[in-house]
Amino acid sequence: MSPDFPWLTTLIAWPVLGALLLWCAPRALRPHARVIALGVALVELVLGVLALTAFDTADAGTVQLVETHRWIPAIGASYAVGVDGVGLALILMSVLLVPLVVLAAWREQGSATGSSDALRRYLALAIVLEAFIVAVFAARDVFLFYVLFEAMLIPVYFMIGGFGGAGRRYAAVKFLLFSLAGGLIMLVGVIALYLQGPGGPDGFLTANLVGADLAPTTEKWLFLAFFVAFAIKAPMFPVHTWLPDAAEQAPAGTSTLLVGILDKVGTFGMLTLCLPLFPNASRWAAPVVIVLAVVSILYGALLAIGQKDLMRLIAYTSVSHFGFIVLGIFAFTSTSVAGSSFYMVNHGLSTGALFLVAGFLVARRGSQQIADFGGLQRVVPVIAGLFLVAGLSALSLPGLSTFVSEFMVIVGTFERHTAAAVVATLGVVLAAIYVLWTYQRIFTGPPRDEPADLPDARPTERWAVAPLIAAMLVLGFVPGPALDLVRPPAGVTLEQVGVDDVPALVTEGSDQ
């Protein structure tokens with residue numbers, strides 16, 4: 001495929017058009033909202049695969065599929081999009097998850113609201129969110145990135161507040177307030193960065209800002225302004241508290257998009273903005289960030305073990321997993337940075353599967369409390385199997401994709417920060433506890449309240465999770481093609497930060 005075709009703009013525009021069609025659909029089309037949304041999402045997936053064919057994987061460290069147009073020259077803002085291997089991998093993960101969420105919502109929202117009109121609005125919000133997601137992973141202008149960073153909040157707020165559980169309004173407002181607080185801090189940093197940068201009509205282009213001559217104190221403050229916003233989005237300890245409430249109250253599909261994709265914007269921003277734009281400040285802050293990352297790993301895992309609500313449990317596991325991702329980014333080795341990039345993709349697959357299967361269980365039982373389940377292994381064996389595979393992926397079982405990325409993060413961190421890597425390894429042990437104990441409480445033992453009439457996974461539900469399971473298996477046994485996308489950008493990032501890499505232990509052997 002031609003790299004000159006505007007692939008990224010097409011990937012952004014198509015779901016916007018689809019969402020408009022859903023939102024403004026004439027009455028004759030409204031009963032077919034599910035089919036329309038699924039069709040839009042599947043076409044977007046095909047466009048993502050075509051964009052991959054136009055991308056030169058042999059040069060994945062270089063930004064490709066670039067489109068640049070002046071947007072607001074008076075303030076230096078441009079419509080500039082382009083992707084390296086990491087950005088493309090995250091876009092591909094996103095366009096895979098969205099049609100699966102649409103499939104999972106096939107019955108969920110219709111049965112929950114009793115209204116096909118409500119389902120239509122929910123699907124329109126999910127589709128327009130997809131456009132924002134693709135755009136933010138492709139943005140190569142700091143001002144454009146900030147606008148998209150904030151715009152994503154709008155559909156998510158309504159997806160939580162309009163379609164969630166009994167406490168949905170509180171959870172939606174808390175999510176919005178945390179995100180807006182981080183965004184306002186980042187806005188101060190964006191403005192200050194422009195004033196300190198080269199200026200001009202292209203003053204916000206990331207390529208023009210990398211290597212800007214910043215005073216040490218100014219660089220540190222700018223780094224903190226961006227990092228705090230990204231830490232909230234990620235989320236990291238101690239600014240993570242919005243996530244469990246949002247995951248508890250949001251529909252399962254919304255939680256899948258929120259945790260599986262949107263939260264990656266935080267770690268993606270650390271990797272593609274904090275490190276290249278503020279290399280000296282990144283090295284200065286690294287010891288503290290590494291400590292916070294290790295705390296997030298252990299804190300999230302321990303709280304997951306103690307949760308009684310299934311959705312909150314999965315949310316806390318993500319706090320732990322994001323700790324691994326941040327740890328790898330700030331360990332500053334090619335193995336750890338590449339592992340973190342790969343981890344972002346794998347976490348979206350495994351946690352997305354967990355949230356979707358948990359949603360199937362909650363829809364059948366009418367409760368999110370783990371104590372209300374039990375003995376379902378014989379009643380719903382397919383759902384039990386899907387949950388088990390997704391859970392084993394969350395604990396990084398060898399043979400599944402998360403094992404490769406988590407191993408790379410730990411080994412890469414060990415090369416430069418041995419103590420942090422050793423302590424972080426405890427998170428792997430704790431993960432085995434919270435996953436296997438949860439499976440035991442829900443699926444083993446005597447059945448509760450005669451659940452023999454509970455239906456097993458329906459065809460749409462199986463199709464919603466099966467691609468994720470397949471992707472985890474394929475990337476677990478054959479990670480080479482994915483690593484070819486994320487390793488070159490890791491080398492470029494280390495060069496921009498000005499850190500000499502240590503000898504890699506696993507990157508050359510990861511293709512096997």
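S350 is placed in helix α15. This is a predicted model. Helix α15 spans residues 334-365, and several of the sites below sit on that helix or pack against it. A UniProt annotation, from an unreviewed entry, covers residues 139-429. The briefing starts with three serines of α15, then turns to charge pairs, a covered helix, the hairpin and the cysteines.

**Serines of helix α15**

- S350 has a relative accessible area of 1%, so S350 is buried.
- Beyond its neighbours within four places in sequence, S350 is in contact with A390, S393, A394, T402 and M472.
- S350 and L400 are 50 residues apart along the chain, yet their C-alpha atoms are separated by 9.4 Å.
- S336 is also part of helix α15.
- The relative accessible area of S336 is 0%, so S336 counts as buried.
- The S336 side chain reaches the backbone oxygen of G328 at 2.8 Å.
- G328 is also among the residues that S336 touches, along with A331, M408, V409, G412 and T413; residues up to four places away in sequence are not counted.
- S341 is another residue of helix α15.
- S341 is buried because its relative accessibility is 2%, and buried means under 20%.
- Leaving out residues up to four places away in sequence, S341 touches V86, L271 and V486.
- S341 and E461 are 120 residues apart in sequence; C-alpha to C-alpha, they are 29 Å apart in space.

**Salt bridges**

- The model has eight salt bridges.
- Side chains of opposite charge can pair when their charged atoms come close.
- E461 and R364 form one of the salt bridges, with 2.7 Å between the closest N and O atoms.
- This pair links distant parts of the chain: E461 is in helix α20 (residues 459-477), R364 is in helix α15, and 97 residues lie from one to the other in sequence.
- E461 and R364 are both buried.
- E461 also forms a salt bridge with R458, where the closest N and O atoms are 3.4 Å apart.
- The two residues of that second pair fall in separate exposure classes: R458 is partly exposed because its relative accessibility is 24%, whereas E461 is buried because its relative accessible area is 6%.
- D484 and R487 meet through their side chains in a salt bridge at 2.9 Å, N to O.
- D484 and R487 both belong to helix α21 (residues 480-497) and are three residues apart, about one turn of the helix.
- An α-helix has 3.6 residues a turn, so residues three or four places apart point the same way.
- D484 is at 32% relative accessibility, so D484 counts as partly exposed.
- A network of salt bridges links K174, D245, E248 and R312.

**Helix α10 and its surroundings**

- Helix α10 covers residues 242-249 and is mostly covered, with seven of its eight residues buried.
- The buried residues are W242, L243, P244, D245, A246, A247 and Q249.
- D245 is therefore both a buried residue of α10 and a member of the salt-bridge network with K174, E248 and R312.
- The buried residues of α10 pack against α6 (153-161), α7 (168-196), α9 (216-233), α11 (252-262), α14 (310-331) and α15.

**Annotated span**

- The UniProt annotation on residues 139-429 reads "domain: NADH:quinone oxidoreductase/Mrp antiporter transmembrane" and comes from an unreviewed entry.
- The span is 77% helix and 0% strand.
- The C-alpha atoms at the two ends of residues 139-429 lie 38 Å apart.

**The β hairpin**

- Strand β1 (residues 64-72) pairs with strand β2 (residues 77-83) in the antiparallel sense, over six bridges.
- I72 has A77 in β2 as its bridge partner.
- β1 and β2 form a hairpin, and four residues lie between them.
- G76, in the turn, has a positive phi of about 80 degrees.
- In a regular strand the side chains alternate between the two faces of the sheet.

**Cysteines**

- The count of disulfides is zero, with a cut-off of 2.5 Å between cysteine sulfur atoms.
- C24 has a relative accessible area of 56%, so C24 is exposed.
- C274 is at 0% relative accessibility, so C274 counts as buried.

Methods:
Residues are numbered from 1 along each chain as its sequence is written. This is a predicted model: local features need pLDDT of at least 70, side-chain atom pairs count only at pLDDT 80 or more; totals for chains, interfaces and linings use all residues. Side-chain values use heavy atoms; hydrogens and water are left out. Two strands pair if DSSP finds at least two bridges between them. Buried means under 20% relative accessible area, exposed over 50%, partly exposed in between (1.4 Å probe, protein chains only). A polar contact is a pair of N or O atoms within 3.5 Å; within protein, one must be able to donate a hydrogen and the other to accept it, and residues adjacent in sequence count only if both atoms are side-chain atoms. Contact means heavy atoms within 4.5 Å. A salt bridge is a side-chain nitrogen of Lys or Arg within 4 Å of a carboxyl oxygen of Asp or Glu. UniProt positions are given in the numbering used here, feature names are shortened, and annotations may be inferred rather than shown by experiment.
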